[in-house]
Amino acid sequence: MPFVTVQIGKGHSLEKKRKLAQAVTDALVSALGTKPEWVTVHIDEFERDNWAVGGVLHSDKHSGRHDQTGR
């Protein structure tokens, strides 16, 4: 019984999350030969203020709150 957690930033529509859950389920069914009803997909949403790449918060990258070096 596969259990998958997908972590994404908040703000995605319910429709996008439905598509994500179906795509992950389909991939596991294909790769593992399991039954769709045995697949659990947990979507864990987080605030973009709690996510950084290269030392820059994701929320800052998209707001222009960093200098020319990306910080």
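How many aromatic pairs does the ring rule count here? Keep that in mind while we get oriented; the rings come up at a later stop.

**Before you click**

This is a predicted model, so local features need pLDDT of at least 70 and side-chain atom pairs count only at pLDDT 80 or more, while totals for chains, interfaces and linings use all residues. Residues are numbered from 1 along each chain as its sequence is written, and side-chain values use heavy atoms, with hydrogens and water left out.

**Stop 1: the whole chain**

Start with the cartoon view. You should find 2 helices and 4 strands, in the order β-α-β-β-β-α along the sequence. Helices (H or I, at least four residues) and strands (E, at least two) are DSSP runs, numbered from the N terminus.

Now colour by pLDDT, the predictor's confidence in each residue, from 0 to 100. The chain average is 89, and 89% of the residues score at least 70. Among the elements, α1 has the highest mean pLDDT (98), and helix α2 (residues 58-61) the lowest (86).

Switch on the surface: the accessible area is about 5300 Å², with 53% of that belonging to carbon and sulfur atoms. Those areas come from the Shrake-Rupley method with a 1.4 Å probe; for residues, only the protein chains shown count as cover. Of the 71 residues in the chain, 20% are buried. Buried means under 20% relative accessible area, exposed over 50%, and partly exposed in between (1.4 Å probe, protein chains only).

**Stop 2: the nonpolar core**

Select V6, I8, V24, L28 and V39, which together form the largest nonpolar core. Two elements each give two or more residues to this core: β1 (3-9) and α1 (14-32). A nonpolar core here is a set of buried Ala, Val, Leu, Ile, Met, Phe, Trp, Tyr and Cys residues joined through side-chain atoms within 4.5 Å. In soluble globular proteins, nonpolar side chains tend to be buried together.

Stay on V39 and show its surroundings. Not counting residues up to four places away in sequence, V39 touches P2, T25, L28, V29 and T34. Contact means heavy atoms within 4.5 Å.

Next, click on T25, which sits in helix α1. T25 counts as buried because its relative accessibility is 12%. Beyond its neighbours within four places in sequence, T25 is in contact with P36, V39 and V41.

**Stop 3: the salt bridges**

Show the charged side chains. Side chains of opposite charge can pair when their charged atoms come close. The cut-off for a salt bridge is a side-chain nitrogen of Lys or Arg within 4 Å of a carboxyl oxygen of Asp or Glu. The whole structure has 3 of them.

- Select E47 and K10, whose side chains meet at 3.1 Å, N to O. E47 lies in the loop between β2 (40-46) and β3 (52-53) and K10 in the loop between β1 and α1, so this pair ties together parts that are 37 residues apart in sequence. K10 counts as partly exposed, at 41% relative accessibility.
- Select R18 and E15, joined at 3.6 Å, N to O. Both R18 and E15 lie in helix α1, 3 residues apart, about one turn of the helix.
- Select E45 and K17, where the closest N and O atoms are 3.3 Å apart. This pair links distant parts of the chain, with E45 in strand β2 and K17 in helix α1, 28 residues apart. K17 is buried, with a relative accessible area of 19%, whereas E45 is partly exposed at 27%.

**Stop 4: the rings**

Back to the opening question: the count is 1 aromatic pair. Select F46 and W51; their ring centres are 5.4 Å apart and their planes at 85 degrees, so the pair is edge-to-face. The rule: rings of Phe, Tyr and Trp (its six-membered ring) pair if their centres lie within 6.5 Å, with planes under 30 degrees apart counted as stacked, over 60 as edge-to-face and the rest as tilted. F46 is partly exposed at 21% relative accessibility, and W51 is partly exposed at 30%.

**Stop 5: H58**

Is H58 buried or exposed? Click on H58 in helix α2 and look at the surface: H58 is buried, with a relative accessible area of 14%. Leaving aside neighbours within four places in sequence, H58 is in contact with R48, W51 and A52. Finish by drawing a distance between the C-alpha atoms of H58 and R48: they are separated by 5.6 Å, though the two residues are 10 apart along the chain.
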